Amino acid sequence: MNPTLVEVVRSGFVESVHRGSLLITGPGGEPVLDLGETGVPVYPRSSNKPLQALGMLRAGLEVDDEDLAIICASHNGEPEHVRRVAALLSRYGLSESDLRCPADYPLHGPSRIAAIRAGEPDRLAMNCSGKHAGMLVTCVQRGWSTEDYLSPDHKLQRIIGEAVEDVIGEEIAHTGIDGCGAPLFAFSLTALARSFSRLVTSADEAEQRIASCMRANPWLIGGTGREDTVLMLAVEGLLAKGGAEGVHAVALPDGSAVTVKIDDGGQRVREAVLVTALRRLGHTPASEAAASVLDGLARGAGWVLGGGHEVGGFRVTI
């Protein structure tokens with residue numbers, strides 16, 4: 001059983017616990033803290049997107065850095081996110097109807113309310129639409145079929161799989177289907193940390209570009225109030241990408257990395273664990289404002305209320 005990473009405390013009493021696995025590595029990849037089964041394969045979910053985008057670049061994708069950022073994103077579905085994905089598709093004679101991700105409402109609260117009032121969900125608003133647009137554009141640029149671009153046997157998906165195995169440094173343990181319909185690769189938290197460290201330190205042009213475009217366009221990666229956007233704005237040079245089911249990965253410019261998987265799939269404690277892990281690495285915020293942002297992120301959904309007043313919170317145990 002994986003160890004408890006976070007306790008939820010109410011009035012001095014531990015009400016709930018979140019178990020999981022956590023790996024913190026130093027600049028050379030050496031373990032700083034290794035808790036739980038970090039060598040066991042997990043689905044990294046959307047933490048895999050930067051690696052999939054790298055595979056698209058290796059397959060021959062040619063786009064500008066802002067388009068590459070939205071391809072790496074789990075965006076909020078705010079109007080500018082949707083506009084950018086639509087414009088990317090349009091430049092190559094594609095449209096929303098070519099996307100094979102499911103239709104959805106935006107993640108961003110006000111945008112979601114507006115979309116619900118306006119009518120049906122659509123594929124452009126789905127948080128993975130940028131990744132799917134990138135896959136389609138790669139196929140158009142290479143002259144490959146677009147109708148079956150999500151098939152694991154498609155030329156593009158084979159190249160993406162090869163790129164992922166290269167940067168994670170181990171074999172893909174299992175291939176499934178992600179929530180968006182794209183192939184999803186299982187590998188260990190150790191491999192995920194290794195890949196993020198490589199992206200921020202590599203001399204390879206394509207690998208450098210993935211990290212650079214994400215860090216230069218943090219709002220495109222998530223959006224208003226999203227954890228990856230907030231983290232990358234608060235911590236200079238940080239590369240961050242979260243995923244569903246309690247997965248997150250970050251890397252600092254020196255190659256230090258943190259990867260986490262919450263066993264129960266809950267999202268509410270990820271940021272508290274990440275901020276604590278960054279502090280374990282000796283990260284010091286550049287300003288009081290940044291420190292305040294990180295403190296707020298660490299508290300996240302950790303307000304435990306009783307009678308409308310705070311009576312507890314999260315207690316990270318690492």
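## A left-handed crossing

Let's start with a pair of helices: H11 and H12 cross in a left-handed way. Before going further, keep in mind that this is a predicted model. H11 covers residues 270–280 and H12 covers residues 288–299, and the two pack with their axes 6 Å apart, at an angle of about 135 degrees. Angles from 115 to 145 degrees count as oblique, and so H11 and H12 are oblique to each other.

Who does the touching? On the H11 side, the contact is made by Glu271, Ala272, Val275 and Arg279, and on the H12 side by Leu294, Asp295, Leu297 and Ala298. Sort the residues of this contact by character and you get five nonpolar and three charged, with no polar ones.

## Helix H1 and its surroundings

Now move to H1, which runs over residues 49–59. Is this helix largely enclosed or not? Ten of its eleven residues are buried, so the rest of the structure largely encloses H1. The buried ones are Lys49, Pro50, Leu51, Gln52, Ala53, Leu54, Gly55, Met56, Leu57 and Ala59. Right after the helix comes glycine 60, with a positive phi near 115 degrees.

## H1 alongside H5

H1 also has a helix partner: the axes of H1 and H5 (residues 129–142) come within 10 Å and cross at roughly 10 degrees. An angle under 35 degrees counts as roughly parallel, which is why H1 and H5 are described that way.

From H1, the residues making this contact are Lys49, Gln52, Met56 and Ala59, while H5 brings Lys131, Gly134, Met135, Thr138 and Arg142. The contact splits into three nonpolar, three polar and three charged residues. Lys49, Gln52, Met56 and Ala59 of H1 are in the contact with H5, and these four also appear among the buried residues of H1. As a rule, an α-helix has 3.6 residues a turn, so residues three or four places apart point the same way.

## Two loop residues with positive phi

Most residues other than glycine have a negative phi. Which way does serine 11 go, positive or negative? Its phi is positive, about 55 degrees, although serine 11 is not a glycine. You'll find serine 11 in the loop between strand E1 (4–10) and strand E2 (13–25). With a relative accessibility of 58%, serine 11 counts as exposed, because the cut-off for exposed is over 50%.

Arginine 45 is another non-glycine with a positive phi, this time about 50 degrees. Look for arginine 45 in the loop that joins strand E4 (41–42) to H1.

Conventions: Residues numbered from 1 in each chain as written. Predicted model: local features only at pLDDT ≥ 70, side-chain atom pairs only at ≥ 80, totals over all residues. Heavy atoms only, no water. Buried < 20%, exposed > 50% of the residue type's maximum accessible area, 1.4 Å probe, protein only. Axes fitted to C-alpha atoms, helices over the stretch in contact; angles between N-to-C directions. Parallel < 35°, antiparallel > 145°, perpendicular 65-115°, else oblique. Left-handed = near helix turned anticlockwise from the far one by under 90°. Contact = heavy atoms within 4.5 Å. Nonpolar A, V, L, I, M, F, W, Y, C, P; charged D, E, K, R; others polar.
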